[in-house]
Amino acid sequence: MTAPALGPRTAHKPSTLRHIALAAALIVLALLVVFGVTLRATYSQGAAEDRLRNALSASSELELLLTQHVAANTDFMSSAHTAGFNSGAWPVRRAAAVASAYERLEADLADTPESVASVKELRRLSTIWPEQLDAAARTIALAGETSPVDAGLLQRANDTFSSIMNILTMLRTRERDEIAQMQFKSQSELAGQKIFLSVLGTTGALLLVLLLYTSHRAALARATAKVVASEAERRFEEYFQNHPVAMLIYDVDSYLILTANAAAQRQYGASLQQLRETRMDQLRPAEEAEHFCRDLKQYVESGVQGGSGGLRRHRRADGTTIYVDIAFHLLDYAERKACFISARDVTAHERAKEALRVRSSALEASRSAVLISEKSAGASIITYANAAFEKITGFPAREVIGLEHWSVLGFDVTSEQARSVQLAMQSDTEGSALLGCHRHDGTHYWSQLQVAPVLDESGRPTHCVTVFNDVSERIRDQERLRALAQQDPLTQLPNRLGLNAQLNRLFSLTRRDNERIALVFLDLDNFKVVNDSLGHTAGDALLREIAYRLSSRTGPHEFVARYAGDEFVVVLYGRGDIEGFVTAAREMQAALSRDVRIENRLVRPQASIGIAVYPDHAQDPETLLRCADSAMYRAKPVGPNGLQIFDEAIAQENSERAAMAHDLRNALACGALSLAYQPRLSLETGLANGFEALVRWDHPKRGSVSPALFVPIAEENGLITEIGEWVFEQACRQTKVWARQHPDIVVSVNVSPVQFLRSDLLSVVTEIIQRTGVNPRNMEIEITEGVLMAAQSVATLRGFRKMGLSVAIDDFGSGYSSLGYVRSFMADRLKLDMSFVKGIGVSTADEVIVKAVIAMGRTLGMQVVAEGVETHRQLEFLIENGCEEIQGYWYARPTDAARAAAYLDTPRQVARVAGGSNL
Ligand code: C2E
Ligand code: MG
Ligand code: MG
């Protein structure tokens with residue numbers, strides 16, 4: 001780190017500071033005192049000295065004056081008898097000395113007014129005294145002969161001298177006293193000053209020592225602190241830079257980041273320079289920047305030096321958010337108030353916590369009950385139960401914690417499902433079960449339960465999670481739906497599904513009771529006639545009456561089911577031997593055969609019956625049903641009210657059919673199927689208009705198998721859709737070849753009603769036409785009348801028509817369809833069933849029908865083809881009645897494509913009866 005020296009903000013020790021401050025104050029005070037005292041002493045000393053000097057000078061002047069005056073008096077005395085008129089005592093020199101002495105004396109004593117007055121008096125006396133002396137000298141000089149000495153003059157001179165001496169003496173004494181006094185005072189002051197100075201000196205010395213000591217200590221402390229600080233700084237530097245936790249220092253006032261360690265640079269995905277250009281608040285998400293400023297202000301104001309800043313969100317340079325745990329410390333850095341922070345990245349931890357929190361909230365919010373149990377010593381002890389658990393079971397979660405896992409669910413532990421799920425839990429695998437459970441209050445509910453082990457890092461199962469839901473409602477719905485799905489809404493009888501379900505239950509019973517079960521398969525004879533003639537409502541009423549009549553003849557464990565449209569199955573139970581069942585069936589047949597009044601019409605229902613018995617004819621419900629069904633089919637052709645018991649012959653036939661179904665599958669795969677083409681002769685042109693494509697199966701053992709035999713089998717097992725597609729594609733390919741020479745050719749292909757059950761028949765046909773490239777106009781779909789009865793089929797037929805294909809109704813007149821259905825879809829061609837053609841010349845009714853169909857076709861614009869024309873007589877009749885096309889052995893048998901082509905080019909002579917011309 002090349003940043004300026006940093007260090008924690010160190011507070012100086014208060015005692016040291018106090019010492020230094022005290023010492024400094026004392027020193028200053030002492031200096032002030034010394035200065036004052038000195039100043040005062042100096043000042044007063046100066047004044048005293050001046051005074052003393054004046055006093056000494058005055059004293060000296062006074063001594064001089066005394067001496068001069070004494071000397072003058074002595075001189076007067078010694079020269080009195082020799083002197084002339086002058087005394088000689090006051091020569092000029094003396095007078096000048098005395099005068100200047102007075103001058104100085106006056107200056108010396110100028111400050112003392114009483115002395116000034118005395119000097120003034122003295123000076124006056126000194127002035128008059130020489131004159132008196134001279135006067136006396138003159139008296140003396142004149143005395144003797146003529147006059148005596150004037151003693152008065154002498155006396156006055158003497159008095160003046162005495163006065164002068166007194167004043168001088170008095171002044172000298174005063175001055176001497178003053179001098180003595182001043183000397184004493186000066187000495188006292190000096191002594192005091194000496195004492196004060198010595199005390200002051202001692203104090204000063206002590207203070208100096210203290211000051212020196214204190215400053216030494218401070219210097220020492222500073223030196224130590226410096227050493228410590230530099231060491232701390234070095235360590236801090238090392239600590240800061242190499243610390244694995246992100247650390248930053250920012251300016252408390254500007255928030256600018258001042259420095260950051262390597263870990264911080266990594267953590268925030270930014271270089272040191274980038275961080276230095278960032279403010280600390282910018283590290284926080286924008287919406288939290290304000291919080292940062294507020295928090296920091298609070299810390300700073302509270303005087304807290306450091307502590308935990310808590311968990312915060314920070315932003316990396318790439319904008320992603322991380323969670324950091326902040327610790328902070330206020331310090332001085334580069335002479336700024338700064339804050340040091342460590343920001344430990346706890347994102348993973350926080351995310352894990354968050355995920356855990358979300359998961360545990362999800363667990364709590366889950367509508368599924370969740371139990372977590374811990375595996376311990378072979379048992380599973382519940383450690384957690386969520387709110388849904390309480391809601392579903394009624395057990396408070398806190399009461400079940402600590403209990404054994406399975407003890408709280410209240411289900412039958414011996415049930416198959418319960419055992420499987422317990423086993424899964426014991427073996428630490430996943431398992432699920434539908435369990436009937438009991439709540440806390442004893443009420444029953446259905447629980448859909450799943451268990452799964454929870455593994456630790458080493459793969460050891462430590463816990464088990466159990467999730468379950470109350471599915472009672474669903475089960476009830478299912479049961480309702482199942483009941484509905486198993487019930488025929490018209491008769492309220494079990495339908496095919498219901499039959500299977502109840503039959504299975506009865507089989508379980510019969511295995512225990514060792515009883516026989518008979519299935520009586522009833523198919524109403526000519527029910528379609530009722531439906532078509534009296535309408536569906538009447539048909540429904542008849543079905544309900546039959547259901548009632550049959551049901552009223554059943555005993556315990558016996559029931560009646562509506563198997564399909566007009567097919568019923570009566571399940572008989574435990575009536576002894578087969579004969580007992582046959583008797584019951586006959587009674588039912590008789591009961592059915594009584595007249596029913598429907599819409600004021602009397603209808604006599606009749607039914608063909610097939611009977612199969614368990615265990616005599618089959619061992620399982622499915623096979624038994626097939627046996628009864630095939631017996632009924634055997635009874636049907638016998639005539640109304642036929643009854644057939646399943647037997648060996650039927651069994652044989654069934655097995656043959658089963659074998660054939662198996663072989664047919666192989667045939668399709670092995671290419672054993674082929675197409676034959678039977679031409680349709682135009683009675684107009686004598687040429688073939690086109691062909692009907694007929695499938696052929698060349699069986700390795702059976703030889704050529706008729707489609708009349710194998711198509712119903714293929715319809716039964718669903719193989720017909722594959723066969724149908726194959727036939728259509730082959731026919732399209734062949735037609736495309738013929739159409740090159742004969743563009744108007746129309747080749748028809750038979751489409752089974754079962755193929756129409758497939759919703760995508762239209763798209764399959766479209767796809768084949770596109771693939772083969774045949775013109776759809778050359779193709780025709782042959783359907784049977786039954787197809788018209790389903791609305792869905794009619795939509796498909798319209799689709800074919802739209803594509804350009806034509807539609808023919810095959811075997812017209814042989815089915816049950818009413819003319820209403822024919823009207824619902826106008827076919828292009830009607831193929832008159834060969835049974836009517838066969839009746840030409842034999843049955844007037846057939847001839848009438850043939851004529852009527854030909855007339856209807858012409859009127860409605862549908863071409864009529866007569867099928868199965870074998871004789872010339874038939875041909876003539878048809879020509880006579882205006883039939884346009886024929887198909888039959890008279891003209892041509894179905895043949896292979898190569899031979900069939902000849903019919904397109906070779907005309908056949910047909911006698912035209914009405915028109916008289918021959919082709
Ligand atoms: P269909 O569609 O009515 O076909 C006419 C049947 O009558 C053919 O029998 C044909 O050989 C036969 N036939 C034609 N002229 C005469 C005649 O003068 N006298 C007699 N006695 N019979 C004649 P085939 O080929 O045995 O077909 C039988 C039925 O099998 C067809 O009756 C048709 O319903 C069905 N079939 C044939 N091929 C197919 C096919 O590819 N798909 C489907 N779904 N059914 C087919
Ligand atoms: Mg046909
Ligand atoms: Mg036909």
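Here are two short exercises, with worked solutions, on the ligand sites of this structure.

The model is predicted, so local features need pLDDT of at least 70 and side-chain atom pairs pLDDT 80 or more, while totals for chains, interfaces and linings use all residues. Residues are numbered from 1 along each chain as its sequence is written, and side-chain values use heavy atoms, without hydrogens and water.

**Exercise 1.** Describe the polar contacts of ligand 1, counting pairs of N or O atoms within 3.5 Å.

*Solution.* Let's start with the backbone: an N or O atom of Val695 lies 3.2 Å from a nitrogen atom of ligand 1. Next come the side chains. A polar atom of Arg696 is 3.0 Å from a ligand oxygen atom, and an N or O atom of Asn750 lies 3.0 Å from an oxygen atom of ligand 1. Finally, the cover: ligand 1 has 780 Å² of accessible area on its own (Shrake-Rupley method, 1.4 Å probe), and the protein covers 83% of it.

**Exercise 2.** Find the protein donors of the magnesium ion (ligand 2), taking N, O and S atoms within 2.8 Å of the metal (3.2 Å for Na, K and Ca).

*Solution.* First, list them: Glu692 (OE), Asn750 (OD1), Glu782 (OE) and Asp810 (OD), at 2.0 to 2.3 Å. Second, read their spacing in sequence, E-x57-N-x31-E-x27-D. Third, look at the neighbouring metal: the magnesium ion (ligand 3) is 3.8 Å from ligand 2, and Asp810 coordinates both. Last, check burial (buried is under 20% relative accessible area, exposed over 50%, partly exposed in between; 1.4 Å probe, protein chains only). Asp810 is buried at 8%, whereas Asn750 is partly exposed at 28%.

Technical notes. Chains are lettered from A and ligands numbered from 1 in the order in which they are written. A polar contact is a pair of N or O atoms within 3.5 Å; within protein, one must be able to donate a hydrogen and the other to accept it, and residues adjacent in sequence count only if both atoms are side-chain atoms.
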